[in-house]
Amino acid sequence: MAKSRDTFDKKEKEKLRQKKKQEKQQKKDDRKSNTVKVTDFENMIAYVDEFGNITSTPPDPSKKRVFDADTIEIGVSKHAEPLPGENLRKGKVTFFNASKGYGFIKDEVSQDSIFVHINKCIDPIQENDKVIFETEKSPKGLSAVDVKLFKAP
């Protein structure tokens, strides 16, 4: 007599598959039977109270506040442009390659490393020079402009 090709392990795995399939079908049937179609528009409306919480009760008209649309600012408020010389910074030249014409200045206050190009220098600079400069935004970040040697009084 020939031995069965189905092993115990195969039979157990098949039983588990069938059990999962039945549970999945049962969950699907339960979801279908428990769905209640909400057709009433009033049941679908949600309100937001004065504290920002979602509620099903409409707001009290006596607590209504009126705002003037012209006084609402959206975004960052506009600041006046600084006057020339108002945003002067002090720093020290940490690296400067005269042959290539660029270098970096370390700001004394923020300790940021700011790029400087020889075309933006008023005085010739070298490494370890103390300088006064202004900054401008460039596509790659801050860049020093109007770089002058700092002469202590």
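This report covers the barrel, the salt bridges and one exposed serine of a predicted model.

**The barrel**

Five strands close into a barrel. Their order is β3-β4-β5-β7-β6, and the pairing is mixed. Averaged over the sheet and ignoring direction, neighbouring strands are turned by 50 degrees against each other. Strands of a sheet pair through backbone hydrogen bonds, in either the parallel or the antiparallel sense.

Strand β6 spans residues 130-138 and pairs with strand β3, residues 89-97. This pairing is antiparallel and has four bridges. Two positions of the β3-β6 pairing can be named. G91 stands opposite V131 in β6. K92 stands opposite K130, also in β6.

Strand β6 is also joined to strand β7, which covers residues 141-149. The two run antiparallel, with seven bridges between them. One of the paired positions is I132, whose bridge partner in β7 is K148. Together β6 and β7 form a hairpin, with two residues between the strands.

**Salt bridges**

How many salt bridges does a search of the whole structure find? The count is six. Three of them are described here, including two within helix α1.

| Salt bridge | Closest N to O distance | Relative accessibility of each partner |
|---|---|---|
| D9 and K13 | 3.8 Å | D9 46%, K13 45% |
| K15 and E12 | 3.8 Å | K15 54%, E12 30% |
| K120 and E136 | 3.9 Å | K120 36%, E136 35% |

Take the helix first. Helix α1 runs over residues 8-34 and holds both D9 and K13. These two are four residues apart, about one turn of the helix. Their side chains meet at 3.8 Å, N to O. D9 counts as partly exposed because its relative accessibility is 46%. K13 is partly exposed too, at 45%.

E12 and K15 make the other helical pair. They are three residues apart in α1, so about one helical turn separates them. The closest N and O atoms of this salt bridge lie 3.8 Å apart. K15 is exposed, since its relative accessible area is 54% and the cut-off is over 50%. E12 has a relative accessible area of 30% and is therefore partly exposed.

The third pair involves the barrel. K120 forms a salt bridge with E136, with the closest N and O atoms 3.9 Å apart. Where do the two partners sit? K120 is in the loop between β5 (113-117) and β6, while E136 is in strand β6. The pair links distant parts of the chain, 16 residues apart. At 36% relative accessibility, K120 is partly exposed. E136 is partly exposed as well, with a value of 35%.

**S113 in strand β5**

S113 lies in strand β5. Is S113 buried or exposed? S113 is exposed, because its relative accessible area is 53% and exposed means over 50%. Setting aside neighbours within four places in sequence, S113 is in contact with F104 and I105. S113 and S143 are 30 residues apart along the chain. Their C-alpha atoms are separated by 9.5 Å.

**Back to β6**

Strand β6 brings several of these items together. It pairs with β3 over four bridges and with β7 over seven. It also carries E136, the partner of K120. In a regular strand, side chains alternate between the two faces of the sheet.

Technical notes. Residues numbered from 1 in each chain as written. Predicted model: local features only at pLDDT ≥ 70, side-chain atom pairs only at ≥ 80, totals over all residues. Heavy atoms only, no water. Pairing = 2+ DSSP bridges. Axes fitted to C-alpha atoms, helices over the stretch in contact; angles between N-to-C directions. Salt bridge = Lys/Arg side-chain N within 4 Å of Asp/Glu carboxyl O. Buried < 20%, exposed > 50% of the residue type's maximum accessible area, 1.4 Å probe, protein only. Contact = heavy atoms within 4.5 Å.
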